[in-house]
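Visitor: I should like to go through this structure with you. Could we begin with the overall arrangement and then turn to the details?

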2 protein chains.
Amino acid sequence: MPLQFADRLNNVETSAIRELFKLLGKPGIISFAGGFPDSAMFDVDGIRAASNAALDEEPGAALQYGATEGYQPLREQLAAFMASKGAQDIAPENLIVTTGSQQALDLLGKTLISPGDKVIVEGPTFLATIQCFRLYGAELISAPIDGDGVQTDVLEQLIAEHQPKFVYLIPTFGNPSGALLPLERRKKVLELAVKYNTLVVEDDPYGDLYFGEAPPPSLLALSAQVPGSRELLVHCGSLSKVLSPGLRVGWMIAPPELLAKATMCKQFSDAHTSTFAQATAAQYLKAGRMPATLARVRAVYAERAQAMGDALRKELGDAIAFVQPQGGLFVWARLTGAGGKVADGNVFAKRAIEKGVAFVPGAPFFCSQPDNATLRLSFATADADKIREGVARLARAL
Amino acid sequence: MPLQFADRLNNVETSAIRELFKLLGKPGIISFAGGFPDSAMFDVDGIRAASNAALDEEPGAALQYGATEGYQPLREQLAAFMASKGAQDIAPENLIVTTGSQQALDLLGKTLISPGDKVIVEGPTFLATIQCFRLYGAELISAPIDGDGVQTDVLEQLIAEHQPKFVYLIPTFGNPSGALLPLERRKKVLELAVKYNTLVVEDDPYGDLYFGEAPPPSLLALSAQVPGSRELLVHCGSLSKVLSPGLRVGWMIAPPELLAKATMCKQFSDAHTSTFAQATAAQYLKAGRMPATLARVRAVYAERAQAMGDALRKELGDAIAFVQPQGGLFVWARLTGAGGKVADGNVFAKRAIEKGVAFVPGAPFFCSQPDNATLRLSFATADADKIREGVARLARAL
């Protein structure tokens, strides 16, 4: 008799992207497919100094079991980091450290979602969010986006119609959309939270990666201006995109009752996040290296984003449409079919692999009604020359 | 309107132990309450050397996203570690790295337990296992233990009666029982797995901490001798008790189909375990420091276990009954009530705190039919003198 797995596994499918990723091992492939930062940009010296400081100054704490809520010096540093980004009133006790922000999503699912509960997400949204929430039995509702992120008028209709358990958004340089939600829409989202008494989750792993002017304040920072909204807001942050994904250090800010329940769930998920990684992150932030690191990665990604945008416009012309990203890691594009060119992202992805360039077709990022003409291109891991060569290959594949 | 949490949260209660732990801050308390190793025994130099080697030799991999299954060099080292402990035929592909073995429990729950499924655990068993499985809706069945661990004849009756999704055991120096399951009972467990086609989970965080002769082979190692049992066996290991809990490095060995499903679930739980911690652990194992570290911690805990056993016999006499532990971190004891002394672990725990010594009453470790006369005493974190003083305080409290 075969093993009987839990019913919840019936809610998720093997990812279509996974199949594509198997092809990435082909020699000479230029990849725009990844969702990760460039390893070459990691501040290895700074992290080494931080981990050695942690072991020198507090070996017991850095290597022992720790509080589920997180290592207190890191919670203090993260509260200060949030203050530096405009959320002045976050105390260390208002956040818990999570094992990457992926775990924050998992804890939200575990804490909030009963099978059949509705959750509104952007269409498109982060693939692992879709799968994570579905494992807990969520019925996902797709709120359409445009070049400015989620369309708040449609979002309001969907909230009114579906009365969701919560709304999950990546308002700043979203994955995969790269879109930046403007100030007015941000305020509207917070007003909707209050008007409909609906919890809103702001996932913000990319907000630090802006290329020009700083983006509008996070929903968290803005919530100080919208009475009643803070009590209905969850904010997930991460060091993965700016410092190192390998530390697996994220955090979640939430109303006290929710934070307490999530902490209880975390206790039985992994007891706590690696104290070694937490103490290293705390020492890194304490050493004051973050501003210089941020400036460096912003400059590099800005150059690459520009190179990709320029090359796409030059090489693919009106066969592709996209909004030039102002931050983050991704160009979200749509095949127009102009001139009888390919207009299906899946077909295009297969052809592109044959020409030696990879990207992720956009359809799997939709929880429903996929737009098959879309694609996600990461500019993070290839340098500008490689990006130009890769886009030239895309043009040949088209 | 208050937040509506998921139904699964109704299955767990705030821990009684938690309330007790709040009292531990009292100055001068000698604590036998912890479930953790002694920080003073961590090989800080070895871990510092290992993490620096990881950053020197493979900074990209140590700080980047990694495979959900685990960092390949660590999987190789862990397979070799298992071979050194008698499980010769474990390939790196047969195990995944987990964020502590707590996450292995969580992944088993997520992968296998549908609400209402039955799971057999020892009575008593690890508290976080009870809560973890209940969060997934498990109905727990308690299999009684004696001084030699789970009573396999009763276990067989329970398996036949309840047809559980799986059986969860800590056969070697269990928490809280400290018991060592003899060879014959180990074979019987594997035979029961095959006879009833029932999955068995062997949780083994303490097996390396033996004081005299090595314990009988793990269920995993023995499964090579019981045809068909390997396909029904899960083994969870951990570096937390012998190297450092703060790394949060555990592993799970399971049949391929189950391992694949658990990997998928892990992808949406925390993406992967900290590659920084994994690369550090891999370098540590590769450097060959583990045998000396194990020898050192075994010797220290053996002395402390002896000191506690001797003191308990001398100071509490026939008012307490226990089996002298041959490994692990715990003495599991039972108040006999002899001479009209206190026979309730909760009452005794409160009196003990007043006398300046803490331990955990045994009742919460039972998923049902608690034995209120039991208590768990950790000898891991106090030195022999402190242990003698603590036990003298216990005698005064009694």
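Guide: The following exchange concerns a predicted model, taking the chains and their contact before a sheet of chain A.

Visitor: By what turn can chain B be laid on chain A?

Guide: A turn of 180° with a shift of 0.0 Å along the axis lays chain B on chain A, at an RMSD of 0.0 Å. The two copies are thus related as by a two-fold rotation axis.

Visitor: And how many residues does each chain bring to the contact?

Guide: Chain A contributes 72 residues and chain B contributes 72 residues. The copies meet through the same surface, because 100% of the interface residues of chain B are also interface residues in chain A.

Visitor: How much area is buried there?

Guide: About 6000 Å² is buried between chain B and chain A, with 61% of it on carbon and sulfur atoms. On the chain B side, Leu63(B), Tyr65(B) and Phe268(B) lose the most area to chain A, together 12% of what that side buries.

Visitor: How many salt bridges link the chains?

Guide: The count is 4 salt bridges between chain B and chain A. Lys110(A) forms a salt bridge with Asp106(B), where the closest N and O atoms are 2.6 Å apart.

Visitor: Turning to the sheet, what is its strand order in chain A?

Guide: The order is β10-β11-β14-β13 in an open sheet of 4 strands with antiparallel pairing. Its edge strands are β10 (320-322) and β13 (360-361) of chain A.

Visitor: Which helix lies across it?

Guide: Helix α12 (residues 290-316) of chain A lies across β10, β11 and β14, running at about 150° to β10(A).

How values were computed
Residues numbered from 1 in each chain as written. Chains lettered and ligands numbered in written order. Predicted model: local features only at pLDDT ≥ 70, side-chain atom pairs only at ≥ 80, totals over all residues. Heavy atoms only, no water. Least-squares fit on C-alpha atoms with pLDDT ≥ 70 in both. Contact = heavy atoms within 4.5 Å. Pairing = 2+ DSSP bridges. Helix = DSSP H or I, 4+ residues; strand = E, 2+ residues; numbered from the N terminus. Axes fitted to C-alpha atoms, helices over the stretch in contact; angles between N-to-C directions. Buried area = accessible area lost by both parts, 1.4 Å probe. Salt bridge = Lys/Arg side-chain N within 4 Å of Asp/Glu carboxyl O.
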